[in-house]
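Trainee: I would like to take a close look at a single part of this protein rather than hurry over the whole of it. Could you take me through one helix and its surroundings, slowly and with the reasoning spelled out?

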Amino acid sequence: MSDSKNTQSTGDAAKDASVLRPHGEQQNIKMEILDRIHSGENPFDILYHVAKYLEDVSGEPGYAKYVEDQIRSIYGCALQHEKPLQNELAEVEARLKRIEASYENPVFTEEEHIRIGFAIEKHKKNIERLRTLIHEAKANHTSMNLKKD
């Protein structure tokens, strides 16, 4: 008899918990996702937006950056989707500009200028690699197929 009472009690507790939880607590993010879909935003940007939201509500700093890095590695480099590759290219080009500006700074020693020069060359090679990958992604027209579970 006590087993059935415990089962009923457990069921009531779960029911009470769902009643006490505010409904629509995640309504804003749900509406933002739909708005971004209706606006035709890139799926990778939507995914990053959700990751950023999860980072904020979970208090886990760096989660969105981790997701972004994974998107770039897997969907960009490995699967050659154009958008993550373009994002990576823009960041590398911006870093190159900052490094080139630092190279012009007379504060650095000759040895530091040599190291900065190596970084400039590496960034230029990376930019060419990314441009080639983007060109291949455009040529292959890698599609973004969404599968239903």
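Mentor: Let us begin with Glu41, which counts as partly exposed because its relative accessibility is 26%, a value that falls between the 20% and 50% limits of that class. Please keep in mind that we are looking at a predicted model. Glu41 forms a salt bridge with Arg36, and the closest N and O atoms of the pair are 2.7 Å apart. The partner, Arg36, has a relative accessibility of 23% and therefore counts as partly exposed.

From here we can turn to helix α3, which covers residues 43-58. How many residues does α3 have, and what span should they give at 1.5 Å a residue? The helix has 16 residues, which should span 22 Å, and since its end C-alpha atoms are 22 Å apart, the expectation and the model agree. The buried residues of α3 are Phe44, Ile46, His49, Ala51 and Glu55.

His49 deserves a careful look, because at 19% relative accessibility it counts as buried, the limit for that word being under 20%. If we leave aside the neighbours within four places in sequence, His49 is in contact with Ile29, Glu32 and Arg36. Arg36 thus appears in two settings, as a contact of His49 and as the salt-bridge partner of Glu41.

Further along α3 we come to Glu55, which is buried because its relative accessible area is 12%. The side chain of Glu55 meets that of Lys52 in a salt bridge, with 3.1 Å from N to O. Lys52, at 33% relative accessibility, counts as partly exposed, so in this pair a buried residue is joined to a partly exposed one. Both residues lie in α3, 3 residues apart, which is about one turn of the helix. An α-helix has 3.6 residues a turn, so residues three or four places apart point the same way. Just after α3, Gly59 takes a positive phi of about 70°.

The preceding helix, α2, spans residues 27-38, and the check on its length can be repeated in the same manner. Its 12 residues should span 16 Å at 1.5 Å a residue, and because its end C-alpha atoms are 16 Å apart, the two values agree. Ile37 is found in α2, and it is partly exposed, with a relative accessible area of 48%. Together with Met31 and Leu34, Ile37 makes a nonpolar surface patch of about 280 Å². Just after α2, Gly40 takes a positive phi of about 75°.

To place this part within the whole, notice that the protein chain has 6 helices and 0 strands, and that 19% of its 149 residues count as buried. A search of the whole structure finds 9 salt bridges, among them the one between Glu41 and Arg36 and the one between Glu55 and Lys52. Among the contacts with a separation of 6 or more, 55% are between residues 24 or more positions apart.

Technical notes: Residues numbered from 1 in each chain as written. Predicted model: local features only at pLDDT ≥ 70, side-chain atom pairs only at ≥ 80, totals over all residues. Heavy atoms only, no water. Helix = DSSP H or I, 4+ residues; strand = E, 2+ residues; numbered from the N terminus. Buried < 20%, exposed > 50% of the residue type's maximum accessible area, 1.4 Å probe, protein only. Contact = heavy atoms within 4.5 Å. Patch = residues over 30% accessible without salt bridge, like charges linked within 9 Å, V, L, I, M, F, W, Y side chains within 5 Å. Areas by Shrake-Rupley, 256 points an atom, 1.4 Å probe, with all protein chains shown as cover. Salt bridge = Lys/Arg side-chain N within 4 Å of Asp/Glu carboxyl O. Expected span 1.5 Å × (residues − 1).
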